[in-house]
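This report is for a reader who is new to the structure. Please look at the sequence and model first.

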Amino acid sequence: MPEKPYDHNQIELKWHARWQDATFYKAEENSTRPKYYVLEMLPYPSGTLHIGHIRVYSIGDALARYKWMRGFNVLHPMGWDAFGLPAENAAIVNQRHPRDWTLQNIAAMKKTHRRFGFSYDWDREVSTCEPEYYRWNQWFFLKMFERGMAYRKEALVNWCPKCCTVLANEQVVNGCCWRHEDTPVEQRALEQWFLRITQYADELLRDIARLEGGWPERVLTMQRNWIGRSEGTEADFRLAGTGDPIRVFTTRVDTIFGATCVILAPEHPLAARLLDGEGQARAKAMVDARAAKDPGDIVKEGFYTGHCAINPYNGENVPVWIGNFVVMTYGTGAIMAVPAHDERDFEFCTKYGIPIRPVIRPADGKLTPLEEMRTAFTEDGVVENSGEWSGLPSAEARRRMNAKAESEGFGRAAVTFRIKDWGISRQRYWGTPIPVIHCPACGVVPVPESDLPVVLPLNVQFTGKGRSPLEEVPEFVNVNCPMCGGAARRETDTMDTFVDSSWYFYRYCDPHNSRMPFDPASIAYWFEIDQYIGGVEHAILHLIYSRFFTKMMRDIGLVRDSEPVRRLFTQGMVIAEGAKMSKSKGNVVGADSLADRYGADTARLFILFAGPPEKEVDWRDERAEGIYRFLGRVYRFATRNLERARAGGPGEPAADRRVLRKLHQTIRKITEDFESRWHFNTSISGIMELVNDLYAEEPRLSGDTVAEALVKLTLLLGPFAPYLAQEIWEELGHATPVFRERWPAFDAELAKEDLAEIVVQVNGKLRSHIHAAFGTSGDETKSRALEDPKIRSLIAGKQIVKVIVVPDKLVNIVVKG
Ligand SMILES: [Zn+2]
Ligand SMILES: [Zn+2]
């Protein structure tokens, strides 16, 4: 039978059409097979998929298909993180409704998903901008509100004085409004909604231990740092004259005799009272200048308030300063500066000529004299010049000084977390309405559960002005109070979209439930997620918020587990022709253009072949062409050998043995890759070597060997290049989907190399190789090594002290002289 040329278009279009209404990707609700839940992070519907998306989905898809072939009941869903700012910006710029824009983008991306043949159970598709979904955000909010876990407090927002609107951090560009590049953003205090994630701070930290091994270590480190638990002391300095307390938090109370000033955050409530008009303006300018700047980029600045505070441990008066690097949201919003023993304080006090006073010496050394001090000494040591605590080791001093604070009533031992309560209020339109009503008589009244969902109105003007577009919709804003029936106003803030993505993966298990967010029974079956795949940029925020949501849902009785994700994989980035992809550079490799040029199979195979999945890979056109040629080789070999595989016929036994050995070695290798490190790049190069061997031995193979090789090669290719594998599978006479076949087992006997390659060393240095049948005895191996010509000349005239033999692997000859 003549071979056929590889026409990816014809093959992919054919199967794409046939799979359009296929039901074989459906996860089964009641199955006796073991379950496997594989999930890729849901995308934001920006409108197009690019090669970076294709990488994540190709990894997940290969795994899903492999697990099906291993007999698992696989759940592999997909959805859309559909609320968010870009849709609203598009509405302002293009006068298109965010909903139209979003739905059109979803349709386009879904089409690309289908074109690539990803194995999603589309019946479970979830879109977070639909009331069927976001009503449950509101329901969770009410549950948290009932428990005091959702609360209101004043917080700063970015404000553009020209737009008269609140800006998201992403809308602040170089400290200015995204639409008014010459208008600096101001900070304004607004009442905002918060979720009390800090209630779980300890547990979020503790449970990280459960994730060890299943999550990348660097993600766990980032989470530990984000939660940022520190043990220390809260102590009250007192304002000289009035006696007002200034509470500071420090982890180093043992250094408090070295405190030479107290520094307040510019937005500290006391600052407003201490400062005159000019000082208040300076403080406000500091807060505004901090907007949207990385804390690391802030140049430390401050000024003296003209007031002093009294150190509670020694009664000393120290000046009170305002400092732009002190923030209200960490600790108490006030610090004591100990320049001799803290880098940041050293920098600040040196700049402003504030005295430096060393009070800690190294355990085995002396206090650094002031004139020799170039940097702070930040280690623990022995306390000096500190009254009754002088001579104590730092840790001991801290214990005793905490006790003193407690007994005297000016402080206590305390634990602080860096993690803050989660501010979820957004003064935006395209998000979940917060289900609350403000009544002049009753105050804040939650919307009754039976009135959910609070539907986002569609008839809205997008001017980019005003606090939120929702405020201009009277039929939304004006309501009757659910408690007293009087006229009231609906909350117009919407929720942070991270609320949507904090629990979406639970909804996939029961996506059409209209009575509950999901049935706990289906969660009990499908959870934990066996494998979650996504970008490391979500190491904090999403991956902490979703852990928090799980614990909250456990506490309201919805789920049993305390953690949602057993294993997490973070794939590496994709760059293009050596450069980072970006819209502005115009070098984004779009998924559809890849499918047009090379086909979906080539794009998928390339991205998996280009490197280990955790590493960065570089898309290069010429390498993609190499992959395309390889798939062509596979197809041509298959089609020209179909008849031979069917008819059988003799071959050379040695050639058969070589090919079968390679085949079973390849099966073993790919199976191991799937079960351990997912180094699909080596899996695919294994398949390439196998194909090379098939070409080399082709004329000498028996029909049976050709048949076995063809069947197994096709099955191995199934998770990586599903279209081509399916096409060959059909040519081989099968009507079933490849990925519902059993994964081929390898025969260890067949996979065995005939000869072991044995390393021969002299005095531990590699000198030669010999070959011997596997299982050759130690004595036999030793004498063969000593007879090796290279070795004989090397050891001639020397005394053999000892010969170490590791059968099938190594001989080391130790010689003297
Ligand atoms: Zn503006
Ligand atoms: Zn009322």
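The sections below cover the basis of the model, a metal site and a helix pair.

## Basis

This is a predicted model, in which local features need pLDDT of at least 70 and side-chain atom pairs count only at pLDDT 80 or more, while totals for chains, interfaces and linings use all residues. Residues are numbered from 1 along each chain as its sequence is written, chains are lettered from A and ligands numbered from 1 in the order in which they are written, and side-chain values use heavy atoms, leaving out hydrogens and water.

## Zinc site

The zinc ion (ligand 2) has as protein donors Cys439 (SG), Cys442 (SG), Cys481 (SG) and Cys484 (SG), at 2.2 to 2.4 Å. Donors are N, O and S atoms within 2.8 Å of the metal (3.2 Å for Na, K and Ca), and water is not among the atoms, so sites may look incomplete.

The site of the zinc ion (ligand 2) is tetrahedral, with angles of 105 to 113 degrees among its four donor atoms; four donors count as tetrahedral if all angles lie between 85 and 135 degrees. Ideal angles for four tetrahedral donors are 109.5 degrees. Along the chain, the donors of the zinc ion (ligand 2) have the spacing C-x2-C-x38-C-x2-C.

## Helices H20 and H23

Helix H20 (residues 621-647) packs against helix H23 (residues 703-717) at about 140 degrees, and their axes are 9 Å apart. Helices here are DSSP runs (H or I, at least four residues), numbered from the N terminus. Axes are lines fitted to C-alpha atoms over the stretch in contact, and angles run from 0 to 180 degrees between N-to-C directions. H20 and H23 are therefore oblique to each other, a term for angles that are not under 35, over 145 or from 65 to 115 degrees.

On the H20 side, contact (heavy atoms within 4.5 Å) involves residues including Phe637 and Arg644, and on the H23 side residues including Leu710 and Leu713.

Methods
Four donors count as tetrahedral if all angles lie between 85 and 135 degrees; four count as square planar and six as octahedral if opposite donors are over 155 degrees apart and all others between 65 and 115; anything else is irregular. Helices (H or I, at least four residues) and strands (E, at least two) are DSSP runs, numbered from the N terminus.
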